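Hi everyone, thanks for coming. Could you pull up the structure so we can walk through it together?

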Amino acid sequence: MFRLLLSFVSLLFSTTLLYAQEWQPFGIKQFGFVFDAPPGFVLTQRSDQGAAFQGKNEAFLAVWGARLGKASFRAEIEHRIVEDEKAGWKVTYRRVKPTWASYSGIRDGQIRYVRVIAACNDGAALFIMNYSRSEKIAYDPVVVRMVRSLRAEGC
């Protein structure tokens, strides 16, 4: 029994390491941020400002940088929340701090999670991820990892 348990733990550990290695680093130098794209997401579009990725079951991920201009960080976040609400997203969670913000909402069986951080030179870096509500449990750890990976770099 002990050997079976040890074998299972070894297999689980090696699979976890393999899974962790599949994350793909991504960054936009001019906006001064880096980000790790999750395994299973395929790059579908790239520009000087960011990129879009497609995951299984129509999951969608976009990451990009933006200049805030005259708008404050908080004003930009509040504007994005209002625009999502106008588009039919029911915002169920929001947290806005001076240098980061997160919010999420639901619409038509989908979850949207948004993370924004202050980046270099009065900029912001953000990602939006949409996925099926039925996949919430599977995507929760993915979102946590993406939140931790989004950071300003090279300022």
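Okay, so this is a predicted model, and I'd like to start with a pocket. By class, the second largest pocket is lined by six nonpolar, three polar and two charged residues. Its volume comes out at about 170 Å³.

Which residues line this second largest pocket? Going along the chain, we have Thr92, then Ser104, Gly105 and Ile106, then Ile111 and Tyr113, then Tyr131, and finally Lys136, Asp140, Val143 and Val144. Two or more lining residues come from each of β7 (100–107), β8 (110–119) and α3 (136–149). And α3 has the largest share of that lining, with four residues.

Now let's move to the core. In general, nonpolar side chains in soluble globular proteins tend to be buried together. Here the largest nonpolar core has 27 residues. Phe33, Phe35, Phe53, Leu61, Phe127, Met129 and Met146 are the ones with the most contacts inside it. Several elements supply at least two residues each to this core, including β1 (24–28), β2 (33–37), β5 (60–67) and β9 (123–132). Which element gives the most? That's α3 again, with five residues.

Let's zoom in on Leu61. What does Leu61 touch, if we skip its neighbours within four places in sequence? Leu61 is in contact with Phe35, Pro38, Phe41, Ala51, Ala52, Phe53, Phe127, Ile128, Met129 and Met146.

One last thing: there's also a second, separate core, with 13 residues. Among them are Ala101, Tyr103, Ala124 and Leu126.

That's me done, thanks for listening!

Note on methods
Residues numbered from 1 in each chain as written. Predicted model: local features only at pLDDT ≥ 70, side-chain atom pairs only at ≥ 80, totals over all residues. Heavy atoms only, no water. 1 Å grid on protein atoms, 1.4 Å probe; cavity = no way out; pocket = protein on both sides within 12 Å on 5 of 7 lines; lining within 4 Å. Points joined across faces, edges and corners; volume = space filled by probe spheres on them. Nonpolar A, V, L, I, M, F, W, Y, C, P; charged D, E, K, R; others polar. Core = buried A, V, L, I, M, F, W, Y, C linked by side-chain atoms within 4.5 Å. Buried < 20%, exposed > 50% of the residue type's maximum accessible area, 1.4 Å probe, protein only. Contact = heavy atoms within 4.5 Å.
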